[in-house]
Amino acid sequence: MKGLILKELWLSKKLRIIGFVLYLLFLIFAVLVKLSLLYGNMGHLNAGAQKNAADLTATVMIFAFPLMLYSSQFTCQIASDGKCRFRTYSYTLPVTERQIVSSVYILNLISLGAMTVLSWLNYSLACLIFDRKFDAMYLIYIFAIGCVTFTLAHGRYVLHYRFRNEKKANGIFSAICTAIYFGAAFGMFSRTNSYIEDQGYSLSDDIPESVMDGFWKDELLGVVKWLDKNGWWLVIVLIVGLCTLFWQLSIKALRRRDN
Amino acid sequence: MSDYENAIEIKGLTKHFDGFTLDNVSFSVPRGSIMGFIGQNGAGKSTTINSLLGIIRPDSGELKIFGKDTRANELEIKRDISAVFDELPFHEQLNAKMLDKMLRNIFPTWSSETFYGYLERFQLPVKKKFKDFSKGMKMKLQIAAALSHGAKLLIMDEATTGLDPVVRNEILDIFLEYLQDENNSILMSSHITSDLEKIADSVTFIDKGKILLSGYKDDILSSHGIMKLSKSDYEAVAKEDFVSARVTDYGAELMISDRAACERKYSGAVIDPATLDDIMVYYVNREKKEWS
C-alpha cells in the first residue's frame, strides 16, 4: 500500500504546493494589513474602523486560511487514474480495492493532521499579529473545519469512484450540495419568520437589524447548548460514521468493473 | 506453484455485451511456452484477456492461472503475473525512478536492480517524465516494469502494435530471453501475425467471439495451405474441402485446412504454404465462402 500512497502523493504534489503558496501569500497580505494599521494609511482611520479592519483580517486568517489549506490538501487521483488507464492496470496488481481506497484515506488523514497543526500555528500567529487573546476553543473549531472538509471531500470521492467520470461526479455532488443548501435555507426562512412574529413584528414591517442578529445568536447558541446537553461525541460519531460509510461505498464502487 | 502443466487454462468463457458475445472460449497456454492470440480488431482478444486479468467479470467459465482459480486466488496469482497493454498505464507526471519506488512497494519480489538494468539496456532516462517518452520508449518501459518482479507469466494485449520493426524486434528478443527459464510463459495478443510467426510456440485464433483454431503454430502452418486453381478447376472442388476462396478473374486461391488430404484428392494442384496472416484473412471470410 505504501507504493499507492507514494503515487497519490507525487500526483497531488503540485496542487498541494499551490495551496501552500497561496496560504503564504495570504499570510503576507495579513501582515501587510497589520503594518498598514501600525505605520501606513490604515493607521489614519478612526479607532473603530481600525478595530473592524483588524478583526475582519484576523477572522479571515483564523477561519478562511485553514479552510483553504484543508481544501487544497485533500486529494484523490481516481479521475486521472481512469484517464491514463492506471485503474485498469491496478486490477492486475497484487493490491485489493480496499488498499487502493485506503491509500487515499491514509494520505488525506496525514494531511488532516499536518494541516491542523499548521492551522493552529496560523491561529497563534493571528493572535500575535492582531493582539488577540489565545482561546483554546478555537483549536477545536479549526480541527472541526478540517473534519468537515475531510468528510465532504471524501463524500465527493464516492461519486468519483461510482461514476468514474469527473464531470458527472462533480455535477452530482454540486447538485446534492445545492439541494442541501436550499433545503437548509428554506428551513431557516421558516424559522426566521416564526422568530420575527414571536418578537412581535409582522413580516411586512421594517425589521431592525438587532432582531436578526438576535435570531442568529439564538440559533447558534441553541445548537451549542443542544450539543453541550447531548454530548459533542455525537458530532465525532457522525463524522467518523460518515467517513467510514464513504470509505466502504468507495471500495464497493471500485470493485464494480467497467463492462 | 510448481506443479502445474498449463500456465493458463480457459474453459467455457462466456461474456455478453450489447452487440457482442464472447462465446464459450476455451484454450490453454502450456507452461514454458509462448502463445500468440490472434484475431482482427473486435474479435474478442481483449475481452478474453481482461476476463483473465479480472478487469472485467465474465458471465461464466472457468479461468485458471498456474492451475489455480483466478477469482479465488486473485492476490496470490497477481504477484506472479505481469500485464502489458497497448498504452502506457502510468501517469504522465511520473518518471522511472518514481515508478521503481512505487512498484517496489507493491510487488514483494520487485528487483530495482533488474528494473534499472532494463532501463539501461533500453536506454530509457530515469528522471524524464513519461509524457516526454515516445511510443517505443513507453512500451519498453512497460516491459521493463513487467519483467522486474520475477513474473512467471506475461500477458500482453496488443503490446507491439504501433511500434516500428526495430523496436518490435528488440522486444521480441527480450521475450525469447525471458522464455529461457522454462517456468516462464507468455500469452501475447496481436494482429501483427509476423511477430507471432517468429516467436510463438502455439497460436489461438479468435473471430467474432469464437475460437476457430488453437494449437501448435507449426502444426497449424503445416496443415494449412493455399491451393491455387484456375476458375474451371475451382468449380470442381467440393465446398467442404476449403475454408474460403479468393476468386479473381484469373483464378481462385483456396485456403485448405487439411493439406495432406487435399494433396491426395487434388493431385497436381499447386498448394503454397500459408502464413498466419493468410489463415486469419481466409477464416474471417469463411461465412462468405467465396470472396474477391
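Helices, taken as H or I runs of at least four residues, and strands, taken as E runs of at least two, are DSSP runs numbered from the N terminus. The exercises below concern a predicted model.

**Exercise 1. State how many helices and strands each chain has, and describe the overall dimensions of the chains.**

*Solution.*
Step 1. Chain B contains 11 helices and 15 strands. Chain A, by contrast, has 9 helices and 0 strands, and its elements from the N terminus on read α-α-α-α-α-α-α-α-α.
Step 2. The C-alpha trace of chain B extends over about 70 × 40 × 40 Å along its principal axes. For the C-alpha atoms of chain A, the box along the principal axes is roughly 65 × 50 × 35 Å.
Step 3. A compact globule of 292 residues would have a radius of gyration near 19 Å, and the 21 Å of chain B agrees with that.

**Exercise 2. Determine what share of each chain is buried and what share of contacts joins residues 24 or more positions apart.**

*Solution.*
Step 1. The criterion for a buried residue is 20 or more other C-beta atoms within 10 Å of its own.
Step 2. By that criterion, 42% of the 292 residues in chain B are buried; in chain A the share is 26% of 259 residues.
Step 3. Consider now the contacts with a separation of 6 or more. In chain B, 71% of these are between residues 24 or more positions apart, and in chain A the figure is 76%.

**Exercise 3. Classify K265(B) as buried, exposed or partly exposed, and locate it.**

*Solution.*
Step 1. K265(B) belongs to helix α10 of chain B, residues 259-265.
Step 2. A residue is exposed at 12 or fewer C-beta neighbours and buried at 20 or more. K265(B) has 13 inside 10 Å and therefore counts as partly exposed.
Step 3. The C-alpha atoms of K265(B) and V237(B) lie 9.7 Å apart, although 28 residues separate the two in sequence.

**Exercise 4. Describe the side of chain B that touches chain A, and identify which element gives the most residues to it.**

*Solution.*
Step 1. The contact involves 26 residues of chain B and 20 residues of chain A.
Step 2. On the chain B side, the elements giving two or more residues are α2 (74-78) and α3 of chain B. The greatest contribution is that of α3(B), with 5 residues.
Step 3. By class, this side of chain B comprises 15 nonpolar, 4 polar and 7 charged residues.
Step 4. Helix α3(B), residues 96-104, has as its buried residues A96(B), M98(B), L99(B), D100(B) and M102(B). These pack against α1 (2-39) of chain A, and also against α4 (112-121) and α5 (135-146) of chain B.

**Exercise 5. Characterise the packing of α2(A) and α6(A) by angle, axis distance and residues in contact.**

*Solution.*
Step 1. Two packed helices are described by the angle between their axes and the distance between the axes.
Step 2. Helix α2 (residues 47-73) and helix α6 (residues 137-163) of chain A have axes 9 Å apart and pack at an angle of about 35 degrees. Their crossing is right-handed.
Step 3. From α2(A), the residues I62(A), F63(A), P66(A), L67(A), Y70(A) and S71(A) take part; they meet Y138(A), I142(A), I145(A), G146(A) and T149(A) of α6(A).
Step 4. The contact of α2(A) with α6(A) consists of 8 nonpolar and 3 polar residues, with no charged residues.

**Exercise 6. Give the strand order of the sheet of 6 strands and of the sheet of 5 strands in chain B, and find the edge strands.**

*Solution.*
Step 1. Strands of a sheet pair through backbone hydrogen bonds, either parallel or antiparallel.
Step 2. The sheet of 6 strands is open, has mixed pairing and follows the order β6-β7-β8-β3-β9-β10 in chain B. Its edges are β6 (81-84) and β10 (210-216) of chain B; each has a single partner strand, so one side of each lacks a neighbour in the sheet. From one strand to the next, the twist averages 15 degrees.
Step 3. Within this order, β3 (residues 34-38) and β9 (residues 202-207) of chain B are parallel and share 4 bridges. G36(B) has V203(B) as its bridge partner in β9(B).
Step 4. The sheet of 5 strands, also open and mixed, runs β14-β11-β13-β12-β15 in chain B. Its edge strands, β14 (270-273) and β15 (290-291) of chain B, each pair on one side only.
Step 5. Strands β12 (residues 245-247) and β13 (residues 252-256) of chain B are antiparallel and joined by 3 bridges; the partner of V247(B) in β13(B) is A252(B).

Terms used. Residues are numbered from 1 along each chain as its sequence is written. Chains are lettered from A and ligands numbered from 1 in the order in which they are written. This is a predicted model: local features need pLDDT of at least 70, side-chain atom pairs count only at pLDDT 80 or more; totals for chains, interfaces and linings use all residues. The radius of gyration is taken over C-alpha atoms; the globule rule is 2.2 Å times the number of residues to the power 0.38. Two residues are in contact if their C-beta atoms, placed from the backbone, lie within 7 Å. Ala, Val, Leu, Ile, Met, Phe, Trp, Tyr, Cys and Pro count as nonpolar, Asp, Glu, Lys and Arg as charged, and the others, Gly among them, as polar. Axes are lines fitted to C-alpha atoms, for helices over the stretch in contact, and angles run from 0 to 180 degrees between N-to-C directions. A crossing is left-handed if the near helix is turned anticlockwise from the far one by less than a right angle, and right-handed if clockwise. Two strands pair if DSSP finds at least two bridges between them.
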